[in-house]
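Biologist: Please take a close look at the ligand site for me. Then walk me outward from there through the rest of the chain.

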Amino acid sequence: MDQDLIELGRGRPVFNFSAGPSGATDPTRAALGRPLLYHYDPAFRQLYRSVVSQLGQAFACEEAPVILHGEAVLGLEAAAASFIAPDDVVLNLVSGVFGKGFGYWARRYAREVIELEVPYNEINQPEDVRRALQDHPEIKVVAAVHCETPSGTVNPISEIAPMVREAGGLLLVDAVASFGGMLVEPSRWPADLVVVGPQKCLGGPPGLSLLYVSDRAWEHMESNPAAPRASILSILDWRGAEENTERFPFTPSVAEINALDACLAQFLAEGSEAVRARHQRVARAVRAGGRALGLSLWPHVEATCSETVTAFAVPAGVDEGRVRDRARREMGAMLSGGQGALIGKVIRIGHMGPSAQPHTPVLALTALGQALRAEGFSADVGGAVEAAVAALGT
Ligand SMILES: *Cc1c(COP(=O)(O)O)cnc(C)c1O
């Protein structure tokens with residue numbers, strides 16, 4: 001193991017400006033050191049109930065949420081398996097890598113998948129969704145991604161959701177990289193199944209899937225004869241697990257629940273409005289600073305940029321892998337690159353959860369600028385810092 005890269009916490013700070021896992025605050029790390037209780041210990045039962053209740057508050061919904069015990073990809077695949085019945089027609093909205101990926105799962109379970117795909121620097125337009133719903137009244141499930149993390153974009157779920165409800169469809173949303181940083185309103189949108197993870201804006205470890213499930217979604221899953229049972233992919237098995245006095249379907253991830261307890265307590269204490277304002281302010285400064293550095297935003301339209309992660313287009317002739325490697329080795333700043341079809345095309349600064357702090361634009365852009373310069377791109381580091389500080393305001 002390269003000593004240089006493992007100095008974290010031993011005198012050489014490493015700044016996590018990635019697209020997640022986004023690092024953890026001290027209280028969250030301390031919670032990871034709590035005793036690993038037996039899952040049938042009454043104290044763990046009580047903690048589990050309390051965590052589900054806090055999660056419900058964070059979702060601002062009446063319905064009890066569900067926790068699945070695996071990284072958010074488990075929640076998404078379980079959603080495809082449980083929520084898409086064999087005779088369902090699915091409308092899959094694709095504006096990036098995660099939307100595209102969901103389509104592969106959806107095809108496994110659906111009668112038919114209709115895909116509405118836009119270039120990955122654009123977003124899914126509500127008018128296109130309306131037209132698709134009109135042209136295909138047989139659509140039962142609509143799948144969308146809120147924050148397309150690899151693209152740094154946000155889809156207009158609050159406009160799409162009422163259309164889906166009006167057309168009698170069910171809406172499934174991947175809000176993994178937006179929840180806890182941007183406005184995610186499952187029951188107000190309204191959505192039916194929303195999948196979230198703690199490792200992005202909540203600043204937790206990547207080991208759980210957090211699900212909002214509407215009454216209509218439960219009904220649909222309960223009536224789906226192919227919905228998994230006695231399976232790691234089962235959502236139904238975990239329904240009401242916090243109230244069940246008998247057994248959990250399997251051993252819950254005790255350490256992850258300890259950490260989630262701390263993450264949610266911090267989120268609720270700060271308050272969702274303050275959390276959002278913090279993310280908006282930092283995002284604005286990263287965009288302004290990045291442009292002053294000499295970069296272009298990857299998203300076509302600035303208003304579609306995410307408030308949790310910013311994607312810049314990699315300048316012509318620059319190798320983003322080398323830039324990120326330099327930023328990490330020489331400045332201790334961990335940035336994210338592209339994913340899937342966007343590898344080599346974008347370079348990203350994550351500003352989610354613990355990294356949505358006012359120092360992030362200044363440090364991340366300085367590291368990125370220094371690395372870009374060393375790779376032959378004339379980056380205006382001073383201008384970037386000035387622009388970022390100005391955009392932060394007071
Ligand atoms: C992070 C993330 C997930 C979880 O996927 P990983 O590839 O395991 O990180 C799912 N959806 C979105 C939009 C994400 O940002």
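Modeller: Here is the ligand site, followed by the cores and some backbone details.

This is a predicted model, in which local features need pLDDT of at least 70, side-chain atom pairs count only at pLDDT 80 or more, and totals for chains, interfaces and linings use all residues. Residues are numbered from 1 along each chain as its sequence is written, and side-chain values use heavy atoms, with hydrogens and water left out.

Start with the shell around the ligand. Its residues are Glu71, Ala72, Val73, Leu76, Phe98, Cys147, Thr149, Asp174, Val176, Ala177 and Lys200. To be listed, a residue needs a heavy atom within 4 Å of the ligand. Helix H3 (residues 72-83) gives the largest share, three residues. Helices here are DSSP runs of H or I with at least four residues, strands are runs of E with at least two, and both are numbered from the N terminus.

By type, the shell has seven nonpolar residues, one polar and three charged. Ala, Val, Leu, Ile, Met, Phe, Trp, Tyr, Cys and Pro count as nonpolar; Asp, Glu, Lys and Arg count as charged; the others, Gly among them, count as polar.

Now the close atom pairs. A ligand oxygen atom is 2.7 Å from an N or O atom in the side chain of Glu71. A ligand nitrogen atom is 2.7 Å from an N or O atom in the side chain of Asp174. An oxygen atom of the ligand is 2.7 Å from an N or O atom in the Lys200 side chain. On its own, the ligand has 370 Å² of accessible area, and the protein covers 83% of it. Such areas come from the Shrake-Rupley method with a 1.4 Å probe.

Next, the cores. A nonpolar core is a set of buried Ala, Val, Leu, Ile, Met, Phe, Trp, Tyr and Cys residues joined through side-chain atoms within 4.5 Å. Buried means under 20% relative accessible area, exposed means over 50%, and partly exposed is in between (1.4 Å probe, protein chains only). The largest core holds 82 residues, and Tyr48, Ile67, Leu171, Val194 and Ile235 touch the most other members. Another core lies apart from it, with 31 residues, including Val282, Val286, Val323 and Ala367.

His351 touches Val282 and Val286, among others. Contact means heavy atoms within 4.5 Å. His351 sits in the loop between strand S13 (346-350) and helix H11 (359-374). His351 counts as buried because its relative accessibility is 0%. Its side chain reaches the backbone oxygen of Glu307 at 3.2 Å.

Ala356 is also among the residues that His351 touches. The C-alpha atoms of Ala356 and Ala277 are separated by 10.0 Å, with the two residues 79 apart along the chain. Ala277 lies in helix H9 (residues 272-293). Ala277 is partly exposed, at 38% relative accessible area.

Finally, the backbone. Gly20 and Pro21 are joined by a cis peptide bond, with omega about 0°. A cis peptide bond also joins Trp189 and Pro190, with omega about -5°. Pro190 is in the loop between strand S8 (170-174) and strand S9 (193-196).

Ala60 is not a glycine, yet it has a positive phi of about 50°. Ala60 is in the loop between helix H2 (42-59) and strand S2 (66-68). Ala60 is exposed, at 62%. Ala230 has a positive phi of about 50° too, and is not a glycine. Ala230 is exposed, at 76% relative accessible area.

Definitions and conventions. Polar contact = N/O pair within 3.5 Å; in protein donor to acceptor, adjacent residues only side chain to side chain. Lists of a residue's contacts leave out its neighbours within four places in sequence.
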